[in-house]
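Grab a coffee and open the viewer. Here are some exercises to work through, each with a solution that goes step by step.

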Amino acid sequence: MTQADSIVKVLLVDDDELDRRLVKLILVQAQGHVRFNVETAASLSEAMQKLPESSYDIVLQDLNLSDCRGTEIVEKVSAVVPNVPIVVLTGFDDEEAGLEAIRAGAEDYLVKGSGLEYTLIKTIRYAIERKKSKASTTESKRELEQINARLMQTTMEANKLAEEAEKANVAKSQFLANMSHEIRTPMNAIIGFGEVLAEEQMSEEQKGYVKLILDSAKRLLLLINDILDFSRIEAGRMKVDKIECDIHELIANVESLMLPEAIQKNLEFKVSCSPNVPQYVKTDPIKLRQSLINLISNAIKFTESGKIEFTAESLIQDEKPFVEFRVADTGIGIPTDKHDAIFEAFTQADGSMTRKYGGTGLGLAVTRQLVRLLGGNISLKSEVGKGSEFSLTIPCDAISIRAPHHKDDKEFRGRFTGKLLLVEDAPANQEFMRSILEGLGFKVMIASDGLQAIEISQSAEFDLVFMDMQMPNMNGYDATKKLHVMGFKKPIIAMTASLMNEDERKCLQAGCDDYISKPIDRGQLVTMLCKFFTPAERQAVMV
Ligand code: ADP
């Protein structure tokens with residue numbers, strides 16, 4: 001339909017016959033693209049009868065009808081035809097009445113009288129357009145609300161499915177973990193008795209059989225261990241036990257374990273550790289060791305000639321210190337498109353290699369998960385035919401880095417102020433600590449056990465307490481708890497003799513703010529004190 005054809009159907013509701021004829025005339029004689037088809041009603045009841053019968057494009061109505069008056073007419077009409085625009089024609093130029101009509105649902109209002117022929121057509125067309133756009137906005141809003149509701153419903157369903165899938169996955173992993181564990185027990189018996197049997201007198205043929213049984217059983221055990229680890233991680237049951245661990249010793253241990261394998265394949269095995277790697281790092285040494293062994297075993301497995309390099313060095317990533325271990329080989333390499341996939345469970349770079357090299361494709365998946373549990377990451381650079389380089393990073397907890405990063409206590413002589421309570425039963429340790437702390441500028445009081453500490457702290461104030469944990473009469477754990485009960489708010493630093501993180505945890509649980517291990521290292525002690533006190537500027541002291 002072109003615009004020239006468009007016909008606007010009007011219902012004109014007015015009880016004044018002259019007005020009706022006038023308005024009708026204006027509309028019928030209108031020039032332009034639009035033609036008007038006008039029907040009339042002389043009362044509201046007549047209008048109410050006509051409205052449902054025909055689809056009008058617009059209703060023009062007076063506010064004073066014989067059977068109804070004012071905005072009520074607007075309300076009644078718009079209740080019957082909510083999508084048809086209403087334009088009010090009033091006899092008086094009463095702005096308030098016009099606004100009221102708009103509030104009641106009319107699109108516009110016009111005053112009858114001179115100039116009506118100029119404004120009526122325009123007003124009708126604007127009113128129709130406005131109503132249409134309002135209707136389409138309302139429609140869009142409604143559609144949007146519907147879409148939103150559907151989306152919420154779908155999201156809820158998806159969440160429920162995800163939850164169920166997660167539960168099923170955990171159940172599966174749990175099952176695998178239980179099953180692997182159950183299989184491991186008889187496997188140990190097979191291997192154990194197999195080894196006993198191997199020592200017995202046998203023919204060469206029989207020896208060969210026993211060796212075959214043992215080799216197969218050991219391979220099976222390795223596989224079961226991988227599955228057990230993997231399913232434990234998946235089920236969220238793999239716990240990390242971070243302790244202060246000697247990294248240099250760990251590297252040496254891994255080297256001595258892997259060297260025979262490398263030698264057996266005639267491979268050079270080069271191990272180096274940069275001096276910037278801290279001696280002690282707080283991590284889980286068992287998981288770190290396992291991860292490194294996995295990487296080095298792979299390097300040896302997939303390399304026929306050349307060398308394996310195993311290096312460690314310190315680096316800063318996002319302003320945090322890490323230790324990076326690298327395992328580089330001159331082996332078969334890994335195609336670029338497989339670099340991500342090999343870290344997935346049960347995936348191998350080249351399925352056809354499985355028969356040649358063996359393996360399950362679980363090693364790297366487990367390694368990656370373990371490294372993530374340690375707070376680190378694993379990445380890979382590799383080129384087919386040239387070799388691969390795996391990089392494994394672990395965070396090194398600044399608190400537990402010893403020697404290389406600790407402050408030099410000589411530089412801090414006399415720069416601290418504050419009153420400390422040293423709770424320590426051994427006289428030699430008392431004197432040792434007193435001399436360092438006083439040298440740094442602190443005033444030091446000494447208590448020989450927990451009971452004395454409680455007594456002294458009732459009559460004197462301290463800025464910090466060093467608390468030995470093993471003492472006669474009342475130990476450090478009880479004394480710390482008691483001090484807290486008494487309302488003591490200042491830091492309490494535990495002095496522990498053991499490197500086991502179980503003890504550290506116990507100290508913190510008892511309410512200690514931090515811990516330092518014995519024998520006390522001066523640099524470590526100053527580093528610890530700097531956490532709680534601000535030393536004076538050096539020059540000020542030297543003047
Ligand atoms: P597995 O060795 O038991 O198959 P992994 O998860 O340890 O499982 O390794 C997955 C795959 O990644 C291996 O099958 C191999 O294709 C590839 N891969 C791993 N390390 C190396 C390496 N150093 N050189 C070449 N390929 C490697």
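**Exercise 1: Salt bridges**

The side chains of Glu389 and Lys381 meet in a salt bridge, with 3.9 Å from N to O. Keep in mind that this is a predicted model. Work out how exposed the two partners are, then look at other salt bridges.

*Solution.*
- Step 1: Glu389 has a relative accessibility of 22%, which makes it partly exposed, because buried would need a value under 20%.
- Step 2: Lys381 comes in at 58%, so it is exposed, the cut-off being over 50%.
- Step 3: Salt bridges with shared partners also link Glu107, Asp108, Arg130, Lys131 and Lys134 into one network.
- Step 4: Now take Glu344 and Arg368, whose side chains form a salt bridge at 3.7 Å, N to O. Glu344 sits in the loop between strand 10 and helix 9, while Arg368 belongs to helix 10, so this pair ties together parts that are 24 residues apart in sequence.
- Step 5: Check the exposure here too: Glu344 is partly exposed at 41%, whereas Arg368 is buried at 19%.
- Step 6: Searching the whole structure turns up 27 salt bridges.

**Exercise 2: The open sheet**

Find the order of the strands in the open sheet of five strands, and say which strands stand at its edges.

*Solution.*
- Step 1: The order is 2-1-3-4-5, and the pairing is parallel.
- Step 2: Strand 2 (35–41) and strand 5 (108–111) are at the edges; each has a single partner strand, so one side of each has no neighbour in the sheet.
- Step 3: On average, neighbouring strands are turned by 25 degrees against each other, direction ignored.
- Step 4: Zoom in on one pair: strand 3 (residues 58–62) and strand 4 (residues 86–90) are joined in parallel by four bridges. In this pairing, Gln61 is opposite Val88 of strand 4.
- Step 5: Add the helices. Helix 1 (residues 17–28) lies across strands 1, 2, 3 and 4, at about 165 degrees to strand 2. Helix 5 packs on the sheet as well, touching strands 1, 2, 3, 4 and 5, and its direction makes about 170 degrees with that of strand 5.

**Exercise 3: Strand 8**

Are the residues on the two faces of strand 8 buried or exposed?

*Solution.*
- Step 1: Sort the residues by face. Side chains in a regular strand alternate between the two faces of the sheet.
- Step 2: That puts Tyr280 and Lys282 on one side, with Val281 and Thr283 on the other.
- Step 3: All four of these residues are buried, so both faces are covered.
- Step 4: Look for the partner. Strand 6 (residues 243–246) runs antiparallel to strand 8 and is joined to it by four bridges. Asp246 stands opposite Tyr280.

**Exercise 4: Helix 6**

Compare the span of helix 6 (residues 204–234) with the expected value, then find what its buried residues pack against.

*Solution.*
- Step 1: Helix 6 has 31 residues and spans 45 Å from first C-alpha to last, close to the 45 Å expected at 1.5 Å a residue.
- Step 2: List its buried residues; among them are Val210, Leu214, Leu221, Asp226 and Phe230.
- Step 3: The buried residues pack against helix 5 (116–198), helix 8 (285–301) and helix 10.
- Step 4: See what comes after the helix: Gly236 follows, with a positive phi near 70 degrees.

Terms used: Residues are numbered from 1 along each chain as its sequence is written. This is a predicted model: local features need pLDDT of at least 70, side-chain atom pairs count only at pLDDT 80 or more; totals for chains, interfaces and linings use all residues. Side-chain values use heavy atoms; hydrogens and water are left out. Buried means under 20% relative accessible area, exposed over 50%, partly exposed in between (1.4 Å probe, protein chains only). Two strands pair if DSSP finds at least two bridges between them. A salt bridge is a side-chain nitrogen of Lys or Arg within 4 Å of a carboxyl oxygen of Asp or Glu. The expected span of a helix is 1.5 Å times one less than its number of residues. Contact means heavy atoms within 4.5 Å. Axes are lines fitted to C-alpha atoms, for helices over the stretch in contact, and angles run from 0 to 180 degrees between N-to-C directions.
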